[in-house]
Amino acid sequence: MNNIILNDLITKVEEYNLAEVEFVKRAYEYANNLHNGQVRQSGEPYITHPLNVAYILADMHADIDTVCAGLLHDTLEDTEVTKEDIAHDFNQNIANLVDGVTKISKMNFSSKQDQNLANTRKIITSITEDVRIIIIKLADRLHNMRTLEFKSEFKQKENALETMEIFVPLAYYIGAYRIKSELEDLSLRYLKPDMYKKIEEKKSRLEEESNKCLQEMLFKIQTLLNDKTIPNEIKVRTKNIYGIYKRLNEGQRLSDIHDLLALKIMVDDVANCYLTLGMIHHEYHPINDKFKDYICNPKTNMYKSLHTTVFGPDDRLVQTQIRTFDMDKVASFGLTAYWDIKKGKARDIMQEDLKGKFQFFKSLTEINSMFGDNQQFVSQVKLELFSDLIYVYTTKGDIIELPKGATPIDFAYKLSTDIGNTMVGVFVNDEYVPINHILHNKDRVRIVTDDLSFGPREEWENIARTSYAKKMIREFNKELI
Ligand code: MN
């Protein structure tokens, strides 16, 4: 939705928080006064930007402090107002949020200067203090990317690259898939315009072609579920353009992409997820190795769902994703779904879960405690959290997520400290390989352990890429001295 006006925001907020609408109006007037006279490159008054950011947040049913911080998010940077003013005129919470968002804007991953490095470190560690800062920043970036057409070509490419490098991973880590895929597509559109157009055309042709088959399947599954009086909702979903681009780049053909077309099936509870799975497998022939149970084994960003790819009508491969309504909210909005599911206490529960369950936060804390030197800290964060991920298999078929460039040492420690400490060799895809072998997507990895081994050798610390493995190797060798 473009060209939001204040009334749209108010209507959105009224949907879930009638009591605090006046507070939001006041924040709007305040920001509008401060930005008065400033214009965007599109020629529109500047306030349209914070207004849209606040709207994106209200659409996720964000709490009122977050919506207000969205309205005020550029005032510290672009106007005379101070953090103390905002704390005084609104509250300390909003002031902290706006301040946090302003700091992230100054984050610079590529600078080599000491002061910048120290600053970047401070920012990275502070964003984990209140996850809402990341969410506001993502809304900010999303609106900037949606309106990128008014920037110079150089700026477009620069912003798109930065989005792919920093904001897409952040969206992934908090599980906000809907924002992630929109950011990816917007970036690709500016980075590879020709490619984007080509895939876009192919995709819409494919959607047209397969529409009949998908609708037929949707109707059949819906009828089966209704017959058993299982509350349900089913949606058709195609992979985003960037997702298709990535697969084509890996050498796959369009017809090989097994999850290009998907049916998203939402039901009321977990037991009915498995019941639905059984019904689908009974009706449509599944492909054996494409079944995944992310309900029993959630992804590191808390994504939960059952995935199974089956032969649909016309022998077309169709992926079905089965989950509960609540799981679906988490799948679209990640941590932010808590605003809707947990209502009042959302912020505390979000923060608690970020620390306890989301791998991103654990890794960040780990890296922070390991590296005293700011340059090493920043490059480790970049390497471990902001580079591409690979997925490899254990012998049991479990999927392990690792940063690109990871070795069997990282894999072993990810399984358990014991396995890492007693590793004596490794097989990758049934072949014996050296311990510094670089793992690739979809490798099957088998670690050979020996309880009588001498433990990890000191030089392994340099071979490992993940800070957890490095830390464990260092600790083991420290104990020996
Ligand atoms: Mn902004």
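These are my notebook entries on a predicted model of one protein chain with a manganese ion.

**Entry 1. Domains**

I began with the domain assignment, which divides the chain into domain 1 (6-192), domain 2 (194-334) and domain 3 (388-480). I then looked up how domain 2 and domain 3 are placed relative to each other. Their centres, taken over C-alpha atoms, are separated by 33 Å. Between these two domains, I found 6 residues of domain 2 in contact with 5 residues of domain 3.

**Entry 2. The manganese site**

Which residues coordinate the manganese ion? I recorded His-49 and His-73, each through NE2, together with Asp-74 and Asp-140, each through OD. The distances run from 2.2 to 2.3 Å. Along the chain, the donors follow the spacing H-x23-H-D-x65-D. I also checked the burial of two of these ligands: His-73 and Asp-74 are both buried.

**Entry 3. Helix α1**

I turned next to helix α1, residues 6-16, and listed its buried residues as Leu-9, Ile-10, Lys-12 and Val-13. Viewed down the axis of α1, these residues fall within an arc of 160 degrees, so they line one face of the helix. The elements that cover them include α2, α3 (48-59) and α4 (64-72).

**Entry 4. Tyr-30, Phe-90 and Arg-26**

I looked up the aromatic pairs and noted a count of 8. One of them joins Tyr-30 and Phe-90 in an edge-to-face arrangement, with 4.8 Å centre to centre and 90 degrees between the planes. Tyr-30 belongs to helix α2 (residues 21-34), whereas Phe-90 is in the loop between α6 (83-89) and α7 (92-105), so the pair ties together parts that are 60 residues apart in sequence. Both Tyr-30 and Phe-90 are buried. The ring of Phe-90 has a further partner: the charged end of Arg-26 sits over it, 4.6 Å from the ring centre.

**Entry 5. The tyrosine cluster**

Which residues form one aromatic cluster? I listed Tyr-172, Tyr-173, Tyr-177, Tyr-294 and Tyr-303. Within this group, I examined Tyr-172 and Tyr-173, which form an edge-to-face pair at 5.7 Å centre to centre, with 65 degrees between the planes. Tyr-172 counts as buried at 9% relative accessibility. Tyr-173 is likewise buried, with a relative accessible area of 8%. I also noted a charge at Tyr-294, where Lys-299 lies over the face of the ring, 5.1 Å from its centre.

**Entry 6. Ile-174**

I then followed the chain to Ile-174, which lies in the loop between α10 (153-173) and α11 (177-191). Is Ile-174 buried or exposed? The relative accessible area of Ile-174 is 1%, which places it among the buried residues, the cut-off being under 20%. Leaving aside neighbours within four places in sequence, I found Ile-174 in contact with Val-131, Ile-135, Leu-138, Phe-333, Gly-334, Leu-335 and Phe-358. I also recorded a distance to Gln-359: the two residues are 185 residues apart in sequence and 9.5 Å apart in space, C-alpha to C-alpha.

**Entry 7. Helix α17**

For helix α17 (residues 346-356), I listed the buried residues as Ala-346, Met-350, Gln-351, Asp-353 and Leu-354. They cover an arc of only 165 degrees around the axis, which puts them on the same side of α17. I looked up what this side meets: the buried residues of α17 pack against α9 (131-146), α16 (338-341) and α18 (359-370).

As a note on the pattern, an α-helix has 3.6 residues a turn, so residues three or four places apart point the same way.

**Entry 8. Positive phi angles**

Finally, I looked at two non-glycine residues with positive phi. Where does Asp-314 lie? I located Asp-314 in the loop between β4 (306-311) and β5 (317-324). Its phi is about 60 degrees, although the residue is not a glycine. At 62% relative accessibility, Asp-314 counts as exposed.

Asp-430 is found in the loop between β8 (423-428) and β9 (431-433). I recorded a positive phi of about 70 degrees for Asp-430, which is not a glycine either. Asp-430 counts as exposed, at 61% relative accessibility.

Methods. Residues numbered from 1 in each chain as written. Predicted model: local features only at pLDDT ≥ 70, side-chain atom pairs only at ≥ 80, totals over all residues. Heavy atoms only, no water. Donors = N, O, S within 2.8 Å, 3.2 Å for Na, K, Ca; no water. Buried < 20%, exposed > 50% of the residue type's maximum accessible area, 1.4 Å probe, protein only. Helix = DSSP H or I, 4+ residues; strand = E, 2+ residues; numbered from the N terminus. Arc of directions from axis to C-beta. Contact = heavy atoms within 4.5 Å. Phe/Tyr/Trp six-rings, centres within 6.5 Å; stacked < 30°, edge-to-face > 60°. Lys NZ or Arg CZ within 6 Å of the ring centre and 35° of its normal. Domains from an automatic or database assignment.
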